[in-house]
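Thank you for asking me to look through this model with you. I have set my remarks down as numbered points, so that you can follow each one with the structure open beside you.

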Amino acid sequence: MTSRAAELWRRTVPWRWLAPSTVLIACVVGFPALYMVLMSFQDISRIGLVKGFAGLDNYARLLQEDALGQVVGNTLLWLVVVVGLTMLLSLALAQFLSKEFFGRRFVRLSLVVPWATSLVMTATVWRFIYEGGNGLLNRLLMDLGLLSAPVDWYKDPATALYSVMAIGIVTSMPFTTYVLLSGLQTVPHDVLEAARIDGASAWSTWRRVTLPILRPSLMIALVLNMLHVFNAFTVIWVIMGKTAGNHADTTVTWLYKIAFTAQLDSGEAAALGVLNVVFLLLLITAFVVILRPYQNPSAAEERPSAAEAPAGEVRPAPPYQPEPVQPKPVQPKPVRQRLVLMRAGRGWRRIRPAALPVIGFAIALFFLAPYAAMLFGSLKTDAELYAVPADYFPRTWAWSNYADVWQRIPLADYFRVSLTVALVSTALVLVVGAPAAYVLARSRFRGRGAFLGVILVTQMFPAVALLIGLYRQALFVDGINSYAVIIAINAAFNLAFGVWIMHAHFSAIPVEIDEAAMMDGLGRFRIMLRMILPLAAPGLVTVMIFTFIQVWNEFVIALTLFNDPASGRVPLTVGVQQFVGLYETNYQYLFAAALMAIVPAVILFALIEKHLVSGLTAGSTK
């Protein structure tokens with residue numbers, strides 16, 4: 001090999017390591033996004049044939065839809081209310097969970113349950129709770145004297161959207177709480193102690209010291225929560241999908257109806273998808289501009305001079321040290337006010353050891369109550385499920401439901417399909433993501449920031465945002481109901497999180513280990529395989545379990561692209577929906593199947609709960 005060819009080969013080292021991730025992202029995220037834009041300008045028949053160029057006709061037809069105003073209004077209301085209340089409640093909950101008290105571990109694990117549980121299962125149990133005369137919520141409120149007659153919570157247009165909003169808040173709080181909790185762990189204790197010595201009250205210390213330091217985590221939680229809530233499909237669809245009208249639709253669920261159920265108009269749905277993506281891009285741009293999450297404040301480290309680092313040369317990257325936050329000076333309170341606060345503080349300290357566990361138990365009970373209702377519902381007979389008024393507990397414990405459900409639906413096949421897709425997708429994320437995370441952690445090269453920006457964008461875009469493009473792409477490659485396509489999609493949309501966590505763990509491993517291994521004659525790949533991966537085992541386990549659970553719980557892509565009962569290709573989240581009918585739902589069998597799917601996922605998630613907090617902490621400062 002000539003010296004010129006050797007130099008060129010050396011310059012391409014980082015990009016050869018990044019090539020698998022780049023190809024996966026380009027094929028599964030980039031192409032569907034671009035093709036969706038093209039579709040929005042095409043005239044497409046109801047059976048999917050492209051008739052020609054339509055110009056702006058799809059956008060014009062979309063703007064003339066009678067339901068547009070109501071859907072846009074629902075979306076904005078959904079976004080503002082759910083995100084706003086989620087942020088406020090999660091901030092208070094994170095602050096509470098940052099304190100030491102008896103039972104804190106149990107309370108934190110109670111938040112893991114709705115986070116690890118599939119949204120399909122969570123939405124289903126809330127649908128059961130919301131039922132009319134035989135719903136548990138009506139029974140509870142009537143027993144407390146707060147209602148005189150049952151309310152059709154999700155069937156009445158006046159209450160449907162607000163009922164679904166409540167579920168959106170409950171299901172959004174766990175992740176947001178953990179992001180903020182990870183940020184609270186970065187607050188220096190010596191700074192808080194100095195504020196207390198200066199006589200600052202708890203509120204003043206929080207507002208002037210904790211809040212400024214917590215700002216990056218707050219912004220991350222806000223933007224990610226807005227993106228999650230804006231693209232919330234599963235909760236709304238599972239509860240409202242089979243009801244007539246658009247009184248609870250957002251732009252995401254309306255897009256699905258336009259494309260696949262009501263109008264079968266792919267062009268108009270693509271136009272709506274493009275507008276959704278434009279809104280998401282604005283959020284992402286705001287996130288990048290405000291936080292600059294992948295830029296190191298030290299320009300010298302990120303942009304070495306030509307003399308220090310020639311183009312393409314791979315050099316170890318020094319660990320990133322965030323600039324210390326300078327809290328605002330705390331002004332002491334007037335003497336009389338300080339005395340009142342001191343007395344209140346002494347009173348609180350006396351009851352604190354007993355009060356915190358009681359509050360924590362109430363919080364845990366709130367988050368676990370729906371799943372307790374699922375457990376008791378799975379043990380009821382059909383008559384007890386539809387008794388009016390509803391019964392809280394089974395009168396006859398029907399354990400046979402857990403055996404009968406295997407005969408009523410091909411549950412074993414659903415488990416097999418979901419397990420196959422989840423395991424292979426997780427393995428693909430590790431195989432593709434580990435080299436990318438390693439070279440990003442150990443190298444500084446031209447284009448590194450651009451690649452990290454692409455990773456950030458894919459982290460922001462859920463698959464439902466590109467659903468129309470993904471569907472058409474699957475048609476092109478004859479990939480409807482194909483294992484390869486569903487696995488590639490799941491891997492691509494979970495790759496960003498995997499790279500993020502692995503990059504944080506790889507960066508924490510001393511560079512001297514790599515240098516010593518190189519002196520012993522090991523190449524970069526063998527260094528990563530033999531030295532780095534074993535040392536980063538906690539991060540790898542976190543990525544494996546998190547990715548597995550995300551794929552195991554996925555719904556909308558499987559519903560659209562991988563739903564073929566004739567060939568036995570139906571995942572669990574889609575298959576159990578057979579028990580949900582327009583006029584009757586066999587909740588006892590649905591809950592039995594759901595619990596068998598939930599328990600393993602919750603146990604796995606609980607095992608990595610501590611690693612998730614540390615990973616989110618590291619990711620927020622990179």
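The points below take up helix packing, then cavities, and then two places in the backbone.

1. Please keep in mind from the start that this is a predicted model, and that the values quoted in this note are computed from it.

2. I would begin with helix α18, which covers residues 411-442, and helix α24, which covers residues 537-552; these two pack at an angle of about 140°, with their axes 8 Å apart. Angles over 145 degrees would count as roughly antiparallel, and α18 and α24 are therefore oblique to each other. The crossing in which α18 passes α24 is right-handed.

3. Which residues of α18 and α24 meet? On the side of α18 they are Phe415, Ser418, Leu419, Val421, Ala422, Leu423, Ser425, Thr426, Val429 and Leu430, and on the side of α24 they are Leu540, Val543, Met544, Thr547, Phe548, Val551 and Trp552. Sorted by class, the residues of this contact comprise 13 nonpolar and 4 polar ones, with no charged residue among them.

4. Helix α24 also meets helix α23, which is made of residues 524-535, and here the axes come within 5 Å and cross at roughly 75°. That angle makes α23 roughly perpendicular to α24. In this contact Leu533, Pro534 and Leu535 of α23 meet Ala537, Pro538 and Leu540 of α24, and by class the contact has 6 nonpolar residues, no polar and no charged ones. Leu540 deserves a second look, since the residue appears in the contact of α24 with α18 and again in the contact with α23.

5. Helix α18 has a further partner in helix α2, residues 13-39, where the axes come within 8 Å and cross at roughly 145°. Is the crossing of α2 and α18 left-handed or right-handed? The crossing is left-handed. The contact joins Pro14, Trp17, Leu18, Pro20 and Ser21 of α2 to Val432, Gly433, Pro435, Ala436, Tyr438, Val439 and Leu440 of α18, and the classes here are 10 nonpolar, 2 polar and no charged residues.

6. Turning to empty space, the structure holds 6 cavities of 30 Å³ or more, and the largest cavity has a volume of about 1200 Å³. The largest cavity is lined by 44 residues, of which Leu119, His228, Pro462, Asn494 and Gln550 are the closest to its centre. Helix α21, residues 483-507, gives the most to this lining, with 6 residues. The lining of the largest cavity divides into 27 nonpolar, 16 polar and 1 charged residues.

7. The second largest cavity has a volume of about 90 Å³, and its lining consists of Ser418, Val421, Ile486, Asn490, Val551, Trp552, Glu554, Ala558, Phe562, Pro571, Leu572 and Thr573. Helices α18, α21, α24 and α26 (572-575) each supply at least two residues of this lining, which by class has 8 nonpolar, 3 polar and 1 charged residues. You may recognise Ser418, Val421, Val551 and Trp552 in this lining, as these residues also take part in the contact of α18 with α24.

8. Finally, I would ask you to inspect two details of the backbone. The peptide bond from Val388 to Pro389 is cis, with omega near 0°, and Pro389 lies in the loop between α16 (382-385) and α17 (401-408). Leu264, although it is not a glycine, has a positive phi of about 55°, and the place of Leu264 is in the loop between α12 (251-261) and α13 (266-291).

Technical notes: Residues numbered from 1 in each chain as written. Predicted model: local features only at pLDDT ≥ 70, side-chain atom pairs only at ≥ 80, totals over all residues. Heavy atoms only, no water. Axes fitted to C-alpha atoms, helices over the stretch in contact; angles between N-to-C directions. Helix = DSSP H or I, 4+ residues; strand = E, 2+ residues; numbered from the N terminus. Parallel < 35°, antiparallel > 145°, perpendicular 65-115°, else oblique. Left-handed = near helix turned anticlockwise from the far one by under 90°. Contact = heavy atoms within 4.5 Å. Nonpolar A, V, L, I, M, F, W, Y, C, P; charged D, E, K, R; others polar. 1 Å grid on protein atoms, 1.4 Å probe; cavity = no way out; pocket = protein on both sides within 12 Å on 5 of 7 lines; lining within 4 Å. Points joined across faces, edges and corners; volume = space filled by probe spheres on them.
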